[in-house]
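This report looks at how the chains of an assembly are arranged and how they meet. It then turns to a few individual residues.

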4 protein chains.
Amino acid sequence: DAPLTVIAGPCQLESDDHAQMIAGTMKEACEAVGAQFIFKGSFDKANRTSLSGKRGLGMDQGLSVLAGVKSALDVPVLTDIHEIAQCAPVAEVADVLQIPAFLCRQTDLLLAAGETGAAINIKKGQFLAPWDMANVADKVASTGNHRILLTERGVSFGYNTLVADMRSLPQMAQTGYPVVMDATHAVQQPGGLGGASGGKREFAPVMARAAVAVGVAAVFIETHQDPDNAPSDGPNMIRLQDMPALLSVLMDIDRIAKSNPIIL
Amino acid sequence: DAPLTVIAGPCQLESDDHAQMIAGTMKEACEAVGAQFIFKGSFDKANRTSLSGKRGLGMDQGLSVLAGVKSALDVPVLTDIHEIAQCAPVAEVADVLQIPAFLCRQTDLLLAAGETGAAINIKKGQFLAPWDMANVADKVASTGNHRILLTERGVSFGYNTLVADMRSLPQMAQTGYPVVMDATHAVQQPGGLGGASGGKREFAPVMARAAVAVGVAAVFIETHQDPDNAPSDGPNMIRLQDMPALLSVLMDIDRIAKSNPIIL
Amino acid sequence: DAPLTVIAGPCQLESDDHAQMIAGTMKEACEAVGAQFIFKGSFDKANRTSLSGKRGLGMDQGLSVLAGVKSALDVPVLTDIHEIAQCAPVAEVADVLQIPAFLCRQTDLLLAAGETGAAINIKKGQFLAPWDMANVADKVASTGNHRILLTERGVSFGYNTLVADMRSLPQMAQTGYPVVMDATHAVQQPGGLGGASGGKREFAPVMARAAVAVGVAAVFIETHQDPDNAPSDGPNMIRLQDMPALLSVLMDIDRIAKSNPIIL
Amino acid sequence: DAPLTVIAGPCQLESDDHAQMIAGTMKEACEAVGAQFIFKGSFDKANRTSLSGKRGLGMDQGLSVLAGVKSALDVPVLTDIHEIAQCAPVAEVADVLQIPAFLCRQTDLLLAAGETGAAINIKKGQFLAPWDMANVADKVASTGNHRILLTERGVSFGYNTLVADMRSLPQMAQTGYPVVMDATHAVQQPGGLGGASGGKREFAPVMARAAVAVGVAAVFIETHQDPDNAPSDGPNMIRLQDMPALLSVLMDIDRIAKSNPIIL
């Protein structure tokens, strides 16, 4: 099996310089440990907890930033889409379109995304069982596009809390599609700060290490040079400076896991 | 406080005749017990469990059916919308626009709905706490539209199961907006049939009676003359013939509850 | 069906005077509304959150207090037992032995309790499904003692939180045994205060009203004249002075529910 | 940090020969990979789902079997206790007394166990948060006995299901006591077979690998040469023949984890 892929970047795209700084740092860190790197950044946070949360750059400017990262650093890029009309223009720039967890059952969005031919990363809804994702993936696959990834990002567990069920990783892998562990959103506390989501970034390495030991195709990790001042998801993003050490451990575990696959 | 309102109808709109038959039967049953009636019917099931589930009549034909119900029976009608572009045309016919639970955090949809000036019924996401709905309602209210209803329809409880937390009713009422109990979706078993959601219709009266005893402005109940052959949500819809007896009990309980309000 | 029974009293027995004051007040309040009354009080809190929580009077003194309530007021009394050796002596005084929720799967305790011939009230464990209680009741019934009650007191829902699933009431009633709603423990927040359990007494009437509307044989409500200074469970006990008004509403709802039973 | 300890054995003790066969096989497998080994076996299953489940050998015969394992193989042994009176006699044979999860809040049992001076392994209740275990451990520590282990074995997640929250491992480690992952009970489906608990043994390696990657002092794994015919917990026990390969992977992951500890 291929070594671990790392999908990483800031929650929100902020500027060309910022995106390229993070992408450049991460590319170097990934190359140092032999991981494939995909840059992640959002152009619109369409479902903030409250209206006062910052939305982001918008699609046009966001795609321009993503295109800048691609041309400057020659790395694939991933971004999330929220409406059918966004799928085609975003797919002209992004290598991977991501379906947000809340929207993972919206049939028309899944079909429109699939029809672009881009790779589609579907986040598992916080309200779904791992086995429910087979039907979700089938919606995309019905377009003839089988370049699908399925991402675990935690499941509702009481109020304002998620739990990551490690069983979901091999269960979703039974679909035949690569499985991704979103280590930073799984430690979110949705709505936990009243007007915004809280989180506990110290648990993101817990999620990443556990998932890689079970065996995943990729980890998804949001990172920022100054999370506490980031426009969104600061409480759960990992500090950029902490990524190289984390990636080194993950790749060591990944080698063992890939040599000893768990297959259901 | 006003007597209980009953929001009822089939999960999917099927035809003019079918809608008017159900609306007529329900109107009569509601009048018999002194309940206000709002007819409910969906023109598109946009987030079916699997691609093979029936989607519905579509917006144009669905709105025509709803308009027919209004003119034939002189009752207000409610339907759910899934995309920004649907808000304005749907609001020309529907008295109440409903935001589906999965979409209750989509800021642009909430704003577009609010801007129509129609009443907006927001279903609480299966992944949200009751207190999270204050921020959700604020998004609609920011448009100047305060005709908002908040609906409990169950919260994720393990896999493929929901639980209805009766504490959420007075908690959501703290927003000042009327609270609705969705008695039939709260007994869904999401994805419980593999390719479709299951449910236990025998528990819908449990939910309705419990909620009315706590005190709610309205109950939301999907009903069908032949649920087992309905195109969607059959396992949890109540048989149309069973509605009059249920409504009679609910109104008796409602009188007691309204005379003895629980206010947090 | 018989009118609602009310099982009520302080969490901990404190003294003869205190027990008889509460029992007398409750007996009068129940007689005023036509409810049967059973006095409840614990002699030992054997599973406090932390070691610093007060344990109670102990078995000998506790039984003496319970005997005093019986002789002074002529009401049946209920108390909980924690060890096999307590069953026989406690059954000489108490009309109902109660199995605590954490202990509801301990086979030997259930058998010893059953063998006393007293009525046995089994609290459903916070870790059990309603249908699991059939096996639990069978353990007691195997002794030939079928005087069994099954009590809902909430189920684990994330960390430090319980939720009361109203479906459990008719589900447990399928065993044929009377079902009780424990309205005050269902609103506990286990461990929610760090060294003690928290709770939200304002939700206890929510639970009681909802359950009675669905249909139960009895409600279980802990009450105290000064809950905030009670030795245990203060945050969720109902003020004694608030009980008559609550009972009046419950009896009104009970009449409707008993005339319209929900039977699965 | 010390290399991983493996606590393993059958759910129930069956006979001298059986216990020594499993203990011998496991001792050899642990020595081969450099793990410390503790033999585990229960003499009484005191909380079977239903009365028809097999209880076990009983204390006297069980202790004799454990003593035989110790003398024949020179390995420490662990067994669980359910009543205060069992603590002292069991501690004469067993090196580790285990408090069952359902009983982890029973103050007197914790104190009696602590007073033996034996090491005490406390299973975290399915109804507790990780941070609740600090109060639990304090009860044992109040006896002056600080030889305490804390075990994660899954937390209630809806009905008949557990989920293992990997965050609990470093959270419980904040107490300063060694943390154990019970990989086989965490994949139980309590009551899932109606009259007995179900389970999914294929997920036990998922739990073990994930936990070891996060960092634990020990894993607890029930194993049997023929789980499908074992008297209890067959669905979740790992086949004895599969243990050496699993242990080899776990030790490889453990080396990485212990070199890169996660400390909150």
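The text below covers symmetry, one interface and three buried positions.

**Symmetry**

The model is predicted. Two copies of a chain are related by a rotation about an axis and a shift along it. Chain B falls on chain C after a rotation of 180° with 0.0 Å of shift along the axis, at an RMSD of 0.0 Å. That is the relation of a two-fold axis. The contact surface is shared: 100% of the contact residues of chain B recur in chain C. Which residue of chain B comes closest to this rotation axis? It is B:Ala210, with its C-alpha at 1.9 Å.

Chain A and chain B form another such pair. A rotation of 180°, again with 0.0 Å of shift along its axis, superposes chain A on chain B, with an RMSD of 0.0 Å. Here 100% of the interface residues of chain A are also interface residues in chain B, so the copies meet through the same surface.

**The interface of chain A and chain B**

The contact involves 37 residues of chain A and 37 residues of chain B. Together the two chains bury about 3,300 Å², and 50% of that area is on carbon and sulfur atoms. Three residues, A:Leu51, A:Arg105 and A:Tyr159, supply 22% of the area that chain A buries against chain B, more than any other three residues.

Polar links are also present. There are 2 salt bridges between chain A and chain B. One salt bridge joins the side chains of B:Asp108 and A:Arg55, at 2.8 Å from N to O. In addition, 14 residue pairs are in polar contact between chain A and chain B, both residues at pLDDT 80 or more. On the side of chain A that touches chain B, the elements giving two or more residues are helix H4 (107-115), helix H5 (133-141) and strand E7 (155-156). That side of chain A divides into 14 nonpolar, 13 polar and 10 charged residues.

**Three buried positions**

The table gives the element and the relative accessible area of each residue.

| Residue | Element | Relative accessible area |
|---|---|---|
| D:Lys123 | strand E5 (residues 119-123) of chain D | 4% |
| C:Gln98 | strand E4 (residues 96-99) of chain C | 3% |
| C:Val90 | helix H3 (residues 84-93) of chain C | 0% |

Is D:Lys123 buried or exposed? D:Lys123 is buried, because its relative accessible area is 4% and the cut-off for buried is under 20%. The side chain of D:Lys123 makes a polar contact of 2.6 Å with the side chain of D:Asp182. Beyond its neighbours within four places in sequence, D:Lys123 is in contact with residues including D:Gln98, D:Cys104, D:Met133, D:Arg153, D:His185 and D:Phe220.

C:Gln98 counts as buried too. Which side chain does that of C:Gln98 join in a polar contact of 2.9 Å? The partner is C:Asn121. Setting aside residues up to four places away in sequence, C:Gln98 touches C:Leu78, C:Thr79, C:Asp80, C:Ile81, C:Asn121, C:Lys123 and C:Phe220.

C:Val90 counts as buried at 0% relative accessibility. Outside its neighbours within four places in sequence, C:Val90 is in contact with C:Phe43, C:Met59, C:Leu63, C:Thr79, C:Ile81 and C:Leu97. C:Pro190 is 100 residues from C:Val90 in sequence, and the two C-alpha atoms are 27 Å apart in space.

Terms used
Residues numbered from 1 in each chain as written. Chains lettered and ligands numbered in written order. Predicted model: local features only at pLDDT ≥ 70, side-chain atom pairs only at ≥ 80, totals over all residues. Heavy atoms only, no water. Least-squares fit on C-alpha atoms with pLDDT ≥ 70 in both. Contact = heavy atoms within 4.5 Å. Buried area = accessible area lost by both parts, 1.4 Å probe. Salt bridge = Lys/Arg side-chain N within 4 Å of Asp/Glu carboxyl O. Polar contact = N/O pair within 3.5 Å; in protein donor to acceptor, adjacent residues only side chain to side chain. Nonpolar A, V, L, I, M, F, W, Y, C, P; charged D, E, K, R; others polar. Buried < 20%, exposed > 50% of the residue type's maximum accessible area, 1.4 Å probe, protein only.
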